[in-house]
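Here is a friendly set of questions and answers for a first look at a protein model. Have the sequence and the 3D view open as you read.

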Amino acid sequence: MKIFLSILYAAIVVLLGAATIVGEYYGTDYAREEWYGASWMTAMWLFLAMLGLLYVVRSRVRRLSFFLLHGSFLVILLGAFLTHLFGVQGTIHLRKGSFACRFMPSASNADGFGNTLPFAVRLDDFSVELYAENGNIANYKSSVTIADISSHDVICEGEVAMNKILVCRDWRFYQWSYDDDGMGATLIVNHDPWGIAVTYIGYFLLFISITCEAFRGCRRIIKCKRKDGGFTHFERTILWIAISLSVAILLFGAWFFITQLTDSNPWIIEMQPILNSPFLSVHVAIVSVAYLLLLLAFVVSIPGIVTCRYRQLSRLLLYPAVVCLAIGIFIGAIWANLSWGEYWSWDPKESWALVSMMVYAVALHDSSLPWLRSERAYHLFIALSFLVLLMTCFGVNMLLCGLHSYA
């Protein structure tokens, strides 16, 4: 079973990367329909989840955090599956003073339960905010009224703007675009009563359990090093660099977060409206820490391959790196869901970040993969994994197009 599980895991990783290339040549919608959302891909994820669950249950580990960690991914997959089954998304075009109740479903929802809202939506006002310094667009807002279709009795009123959604009876409205004459706007419509809630539960379980597991792993390594005489000068230097730069990045992210909340950040004038969100600083800072630690793990792997040493040092970097990468990815997913109603769009940057997390997570499973207990084999794996990270950080931006091209 372990061999088949490993082959299936590796196959999914390869297919996720290959799908980004397919999307580049045949379009993102094609890649979503024929690869990411295809029945055969869904079946592969289902078999991976079932085999993984069986393997975890049969393992000798009985820690609660261990079960919660692996169980959280099952919950997240369940949430994605519920979204795939029951979620509906599309766009609705509104003109000032007129009610509309029909929306255009997205390609993946074209065969859903229809394209008529259970109520009517009217655009009362639309405005564009500009930066005073250069006249660039800072935000655009739609004031809308939602009413009963037949009687036009008002159900709710509100404003929809970039990074500000309006929710009415489990239907979510997001600002998307507007007409050139300023008299109309296009909103994203999203209805996902089950998938979002289940997915967010999975995210919460993941945040808690992966942090506990990483803390436990780092503490065990530190205890072992103390028994063996402590860290060498090289190891202390690497750890000092890792800690000091990580703290600096997080402090900078915290400062950026605060200035965004107070609208005092001078850099906001250069940002597109979609980026004008406090989630930006949190997402970027945490992912940057992950990339820094993985870079240092690669640096350690070079002498490690030659000397067959420093495996414990590398794992001390790898634990928080994988944690930060996982948390950063899912914070980005939450931000996306709050901004345009889709927490996972299979953008190339998202896909390769997921591939990176899945690849580096393998290195932490030496109890299941005995070959990783070899110092040289472990460091060689880390060195080769760095190629995946390079593709995630730079290759995607240079070779592929996606939503993150502005970041």
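Q: How many disulfides does a search of the whole structure find?
A: This is a predicted model, and the search finds 0 disulfides in the whole structure.

Q: Why is Cys168 in no disulfide?
A: A disulfide needs two cysteine sulfur atoms within 2.5 Å. The nearest cysteine sulfur to that of Cys168 belongs to Cys156 and is 3.3 Å away, so Cys168 is in no disulfide.

Q: What makes Cys218 miss out on a bond?
A: Its closest cysteine sulfur is in Cys324, at 10 Å, and that is too far for a bond. The cut-off is 2.5 Å, so this pair does not count as a disulfide.

Q: Why are Cys168 and Cys218 called buried?
A: Buried means under 20% relative accessible area. Cys168 has 4% and Cys218 has 16%, so each of them is buried.

Q: Where is Ser385, and how do you know whether to call Ser385 buried or exposed?
A: Ser385 sits in helix α10, which covers residues 375–399. Its relative accessible area is 3%, under the 20% cut-off, so Ser385 is buried. Not counting residues up to four places away in sequence, Ser385 touches Val359 and Tyr360.

Q: What makes His365 neither buried nor exposed?
A: Exposed means over 50% and buried means under 20%. His365 has 33%, which lies in between, so the right name is partly exposed. You will find His365 in the loop between α9 (348–362) and α10. Leaving aside neighbours within four places in sequence, His365 is in contact with His70 and Leu372.

Q: How do you know that the span of α8 agrees with what is expected?
A: At 1.5 Å a residue, the 30 residues of α8 should span 44 Å. The end C-alpha atoms of α8 are 42 Å apart, so the two values agree.

Q: Why is α8 called largely enclosed by the rest of the structure?
A: Of its 30 residues, 27 are buried, so that description fits α8. Next comes Gly341, with a positive phi near 80 degrees.

Q: What span does helix α4 reach, and what is expected?
A: Helix α4 runs over residues 64–86, which makes 23 residues. From first C-alpha to last it reaches 31 Å, close to the expected 33 Å.

Q: Which residues of α4 are buried, and what covers them?
A: The buried ones are Ser65, Phe66, Leu69, Ser72, Ile76, Gly79 and Leu82. Their cover includes α3 (39–58), α5 (195–227) and α8 (311–340).

Key
Residues are numbered from 1 along each chain as its sequence is written. This is a predicted model: local features need pLDDT of at least 70, side-chain atom pairs count only at pLDDT 80 or more; totals for chains, interfaces and linings use all residues. Side-chain values use heavy atoms; hydrogens and water are left out. Helices (H or I, at least four residues) and strands (E, at least two) are DSSP runs, numbered from the N terminus. The expected span of a helix is 1.5 Å times one less than its number of residues. Buried means under 20% relative accessible area, exposed over 50%, partly exposed in between (1.4 Å probe, protein chains only). Contact means heavy atoms within 4.5 Å.
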